[in-house]
Amino acid sequence: MNEKKTMLSGIKPSGDLTLGSYLGPLHHWPKMIEEYDCYFFMADLHAITVRQDPAALRRRTLEQLAQYIACGLDPDKCTLFIQSHVRQHAELGWVLNCYAMFGELSRMTQFKDKSAKNADNINGGLFTYPSLMAADILLYQPDFVPVGEDQKQHVELTRNIVQRFNGVYGDVFKVPEPYIPKVGARIMSLTNPAAKMSKSETEDTGRVTLMDDPGAIMKQFKRAITDSDTERCVRYDPDNKPGVANLMTIYSTVTGKTYAEIEQEFDGQGYGKFKPAVGEAVVEILRPIREETQRLLSDKSYLEGVYRAGADKASHAAEKTLRKVYKKIGFVAR
């Protein structure tokens, strides 16, 4: 019997998970656990490159774990853990800092974007976090890393680090491949279809979160940006009708209908019928997730058992890689 290939991914608990988070990575993860040996984590070490309210960070980390499970990630079929609970991430992150070049790190698009948004806190962690991200990945020797298009650059940097490290010390790390879902990989803001739907707490006008109640969801979709087209027709045209295209992408991913079927369904009806229909479809797909998350959050002992067991399993796998790295670079064995 062939051994399963390994897959790993994580999301920062720096904001509330959104519809974009779900229709992007989370929607696909439950299908992966049947085919791959999967590790999924709450990337709280990455979250602190931007100042966080401690109580809010703890709340979102546990809420995110509950949402992972509510979205279909069975703890008996995959490894769920909190990043800061597995010390090997920080340890290998430091080592890989010494194998990532200054020029590579300075070219990271997200460093430039976050520096512009947090000009009063351009810290060392913000600059070097791609090395920690490389450590997150390489500790588990994954074959694939599911990422959005905006994260592909980090996987490419990881591959560069692997090739540099392996070139000196031999085949220590496996070279990971980015896995980018073809459908629903990038959901845009409902009020600014040129920007991705954000987890940021300060930008809530264009987002729907997994914990929003039906009334809040419907309100967001009813005020969603469409276009100034006098025809007001539902047609998939990302270049000229990005708002409508975004709504169609959401509706298609939620219902499984093709763009042609959606165009036919709303032919001649205009946006007044289309936007509430998208909202109602989203309400129904998120309802069981919200309700199950609330149930899980009321059972703190269960969640504690899940993240502790996950950290133990992840740490065991990660330690094998870290020991090999330490031996190769010349550290004395403990």
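In this predicted model, A311 lies in helix α14, which spans residues 300–329. With a relative accessibility of 7%, A311 is buried, because the cut-off for that class is under 20%. Beyond its neighbours within four places in sequence, A311 is in contact with L80, F81, H85 and V86. K196, by contrast, is 115 residues from A311 in sequence, and the C-alpha atoms of the two residues are 31 Å apart in space.

Two further residues of helix α14 were examined, S315 and K324. S315 has a relative accessible area of 21% and is therefore classed as partly exposed, since buried residues must fall under 20%. When residues up to four places away in sequence are not counted, S315 touches V86 and Q88. V86 thus appears among the contacts of A311 and among those of S315. The C-alpha atoms of S315 and Q220 are separated by 41 Å, with their positions 95 residues apart along the chain.

K324 is partly exposed, at 38% relative accessibility. Its contacts, residues up to four places away in sequence not being counted, are D171 and V172. The C-alpha atom of K324 is separated by 9.7 Å from that of F173, although the two residues are 151 residues apart along the chain.

The packing of helices α8 and α9 was considered next. Two packed helices are described by the angle between their axes and the distance between the axes. Helix α8 covers residues 124–138 and helix α9 residues 152–169; the angle between them is about 75°, and their axes are 9 Å apart. Because angles from 65 to 115 degrees count as roughly perpendicular, α8 is described as roughly perpendicular to α9. On the α8 side the contact is made by Y129, P130, M133, A134, I137 and L138, and on the α9 side by H154, L157, T158, I161 and V162. By class, this contact comprises nine nonpolar and two polar residues, and no charged residues.

Helix α9 also contains K152. This residue is partly exposed, its relative accessible area being 32%. K152 touches V147, P178 and I180, when residues up to four places away in sequence are not counted. Y179 is 27 residues from K152 along the chain, and the C-alpha atoms of the pair are separated by 8.9 Å.

The loop between α8 and strand β4 (144–146) includes Q141. The phi angle of Q141 is near 45°, a positive value in a residue that is not glycine. Q141 is also one of the contacts of T6, a residue found in strand β1, which comprises residues 6–11. T6 counts as buried, at 11% relative accessibility. Leaving aside neighbours within four places in sequence, T6 is in contact with D37 and Y39, and with Y140, Q141, P142, D143 and F144.

Turning to the nonpolar interior, the largest nonpolar core contains 57 residues, of which F221, I250 and L286 touch the most other members. Helix α13, residues 271–297, gives the most to this core, contributing twelve residues. For L286, the contacts outside its neighbours within four places in sequence are L19, Y22, V208, T209, L210 and I217. Another core, of 40 residues, lies apart from the largest one; L126, L138, V145 and A317 are among its members. L138 is, in addition, one of the α8 residues that make the contact with α9.

Cysteine pairing was also assessed. A disulfide is a covalent bond between the sulfur atoms of two cysteines. A search of the whole structure finds zero disulfides. Among the cysteines, C98 is partly exposed, with a relative accessible area of 47%. C233 likewise counts as partly exposed, at 22% relative accessibility.

Notes: Residues numbered from 1 in each chain as written. Predicted model: local features only at pLDDT ≥ 70, side-chain atom pairs only at ≥ 80, totals over all residues. Heavy atoms only, no water. Axes fitted to C-alpha atoms, helices over the stretch in contact; angles between N-to-C directions. Helix = DSSP H or I, 4+ residues; strand = E, 2+ residues; numbered from the N terminus. Parallel < 35°, antiparallel > 145°, perpendicular 65-115°, else oblique. Contact = heavy atoms within 4.5 Å. Nonpolar A, V, L, I, M, F, W, Y, C, P; charged D, E, K, R; others polar. Core = buried A, V, L, I, M, F, W, Y, C linked by side-chain atoms within 4.5 Å. Buried < 20%, exposed > 50% of the residue type's maximum accessible area, 1.4 Å probe, protein only. Disulfide = S-S within 2.5 Å.
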